Every structure is written in C-alpha cells, then in structure tokens.
Protein chains: 2
Amino acid sequence: MKRRNLLFSTVVATMTLTTALPLSAGQAEDTAAIRDLWKTYQTVRMAGDADAYLALWDENGIQMPPGVPARGMDALKVGVPKGFAAVPVSQMEITPIDIEIAGDWAFARGEYTATQVVGGNDVEVDGKFMTILKRQDDGSWKIYRDIFNSNK
Amino acid sequence: MKRRNLLFSTVVATMTLTTALPLSAGQAEDTAAIRDLWKTYQTVRMAGDADAYLALWDENGIQMPPGVPARGMDALKVGVPKGFAAVPVSQMEITPIDIEIAGDWAFARGEYTATQVVGGNDVEVDGKFMTILKRQDDGSWKIYRDIFNSNK
C-alpha cells in the first residue's frame with residue numbers, strides 16, 4: 001500500500017471510529033429519557049389525557065403546528081383539551097431518528113403516524129417532527145419547541 | 001415591606017437579571033453569524049442561486065419540507081436547482097425569533113414571508129421554521145436540519 005493510501009485509510013478508519021463512538025453514560029441516560037418521553041406522548045395522546053400531555057411541556061414551551069401561528073403554553077392550555085376532545089386518536093406511533101444532547105438542550109427529529117377519528121371516520125396521518133427539549137432543574141427533559149408537518 | 005415580600009422581590013429581581021444577562025462574546029458572534037446566514041439564505045433564494053443555497057448546508061444536512069418526506073443532500077442537490085427554476089421567489093424575509101447556542105450546535109426558530117411566482121402569478125406565503133445548525137471545522141455555521149410549515 002502506498003504511503004498516501006495508508007494515510008487515507010487511517011483517516012477514514014479514525015473518522016469511522018469517531019462517528020461510531022458509544023454514547024457516554026450520561027448521554028445514553030438522556031437519550032433513553034427522551035425516548036421514554038415520546039412513548040408517554042403517544043400514550044397520553046391516545047388516552048386523550050390533556051393534563052398529562054401538557055405536563056410534558058416546559059413552562060415556556062412553544063408548539064408550531066401546520067396551518068396556524070406558533071402558540072405558547074397559555075394557548076396550549078386552552079387548545080389542547082378542546083383538540084383532544086374534538087379529534088380522538090386511536091393509534092399513534094412516534095419514531096425518533098436523531099436525538100442529539102448538547103448540555104442542557106437536546107434536539108430530536110423523527111417520523112410519526114396516527115389514526116385520527118374525525119366524525120366517526122378514521123383518518124390516517126403521517127409526517128415528520130423536530131423538537132427542542134430542555135433539561136429541567138430536576139434533571140428531567142421537557143418539550144421546549146415542537147414543529148411538525150405532513151409527508152403527504 | 002414585610003420580610004416575605006422583600007424576599008419575593010429579591011427573587012424576582014434576581015430572575016430578571018439572570019434572564020437579561022448579556023450573551024458572552026463568543027455567543028454574540030455565533031448569533032450574529034447565524035443571523036447573517038439567514039440574510040444570505042434570503043438573498044440566494046431570491047437570486048435563484050442553487051449552488052450558493054446548497055453551500056449553506058452541512059454535508060449531512062436534511063431538509064424537512066411540508067408535503068414530502070425528509071430529504072438529504074443527494075436529493076437536495078437534484079431538487080433545489082429544479083425547484084428554484086420552477087418557482088422563482090421575488091421577495092423573501094426570514095425573521096429569527098430564538099437563536100440558542102449549545103457548544104457546536106445551535107437552534108433557530110422564526111417566521112418567514114415570501115412571494116412565489118407561480119405561472120406568472122404572485123403567491124404570498126407565510127410560515128414558521130425551526131433549524132438546527134452545526135458548527136463547522138472552520139468555525140462557520142451550516143444548516144443541519146430544517147423544517148417549516150405554513151401559518152395558513
């Protein structure tokens with residue numbers, strides 16, 4: 001192997017090792033906590049439990065849904081119970097793809113599918129989301145910013 | 001003033017000071033660089049300059065537009081020149097609202113308006129966006145994840 005190729009191989013091997021490095025214990029714990037948050041999100045949305053859903057949000061949270069301007073917690077506290085009552089969800093699956101931890105911030109990106117029950121009819125939705133999470137004083141993670149849109 | 005109220009006032013004043021603390025020099029520089037990136041984004045989109053637009057993205061960038069699945073750089077390199085040619089934009093204004101720096105990551109959230117020229121007719125669009133930016137080896141910031149949706 002020529003020296004140039006050897007150097008190249010070493011660089012590639014180093015890059016591969018770097019990207020494949022295992023998460024630190026703290027990062028693995030944070031990532032698991034954020035995965036659990038998405039499981040809770042699914043469960044409480046399907047249960048129609050507005051209070052449990054709102055408890056997933058940071059006190060300064062802002063939701064950015066399609067079709068309406070961004071809304072903060074005051075608007076969410078009014079809108080979520082109405083929305084959950086008007087549009088039940090019989091199935092929901094959230095699949096995180098990226099979760100990056102950066103100190104007391106994290107971001108998550110992924111896909112979702114859901115079955116909304118609209119006027120007695122099932123409506124299948126699927127889309128993608130990006131979320132900023134903020135570490136709370138007690139170490140837990142809450143939703144700080146959340147935006148999503150349809151894939152269709 | 002009662003002791004209890006004095007304590008409360010001190011806590012509130014401390015909280016206000018904390019939230020109003022100026023950014024560090026590095027954070028201020030990073031925030032300014034990210035604001036400049038949005039100005040360049042507007043300029044190159046209005047100019048229809050696909051190469052300059054693609055240069056704003058991290059090599060592992062993923063765009064998450066409404067109505068289609070998420071797409072990586074290979075798809076963007078094909079899609080952006082076609083999209084810019086098909087739908088010129090005569091006006092665009094991006095208004096960042098939050099910019100948070102977390103080490104080599106940053107996130108930005110904001111609003112946009114644009115005038116798209118579709119079949120010779122002006123179509124006014126407005127919406128909101130959330131973007132993850134990644135610090136590059138040379139210290140510059142590039143777009144790593146970008147998602148947006150309409151306010152209408």
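**Helix α2 and the A–B contact**

In helix α2 of chain A, the residues that come out as buried are D30(A), T31(A), I34(A), L37(A), W38(A), Y41(A), Q42(A), V44(A) and R45(A). I should say at once that what we are looking at is a predicted model, and that everything I describe is computed from it.

Let me stay with that helix for a moment. It runs over residues 25-47, and because a rise of 1.5 Å a residue would give these 23 residues a span of 33 Å, the 33 Å between its end C-alpha atoms agrees with what one expects. As for the spacing of the buried positions, recall that an α-helix has 3.6 residues a turn, so residues three or four places apart point the same way. What do the buried residues of α2(A) pack against? Their partners are two helices, α3 (50-54) and α4 (73-86), together with four strands, β3 (89-102), β4 (105-118), β5 (121-135) and β6 (141-150), which belong to chain A as well. Just after the helix, G48(A) adopts a positive phi of about 70 degrees.

One residue of the helix makes a useful example, namely T31(A), which lies in α2 of chain A. Its relative accessibility is 12%, and since buried means under 20%, T31(A) counts as buried. If we set aside the neighbours within four places in sequence, T31(A) is in contact with L23(A), I99(A) and I101(A).

That brings me to the strands. β3(A) and β4(A) run antiparallel and are joined by 12 bridges, with D98(A) having R109(A), in β4(A), as its bridge partner. The hairpin that these two strands form has two residues between them, and in it G103(A) takes a positive phi near 70 degrees.

Finally, the contact between the chains. Chain A and chain B bury about 2,300 Å² between them, of which 67% is on carbon and sulfur atoms, and each chain contributes to the contact, with 28 residues from chain A and 28 residues from chain B. How many salt bridges are counted between chain A and chain B? There are two, and in a salt bridge between the chains the side chains of R145(A) and D98(B) meet at 2.7 Å, N to O. The count of residue pairs in polar contact between the two chains, both at pLDDT 80 or more, is 14. On the side of chain A that touches chain B, the elements giving two or more residues are β1 (57-64), β3, β4, β5 and β6, and the largest share, six residues, comes from β6(A).

Conventions: Residues numbered from 1 in each chain as written. Chains lettered and ligands numbered in written order. Heavy atoms only, no water. Expected span 1.5 Å × (residues − 1). Buried < 20%, exposed > 50% of the residue type's maximum accessible area, 1.4 Å probe, protein only. Contact = heavy atoms within 4.5 Å. Pairing = 2+ DSSP bridges. Buried area = accessible area lost by both parts, 1.4 Å probe. Salt bridge = Lys/Arg side-chain N within 4 Å of Asp/Glu carboxyl O. Polar contact = N/O pair within 3.5 Å; in protein donor to acceptor, adjacent residues only side chain to side chain.
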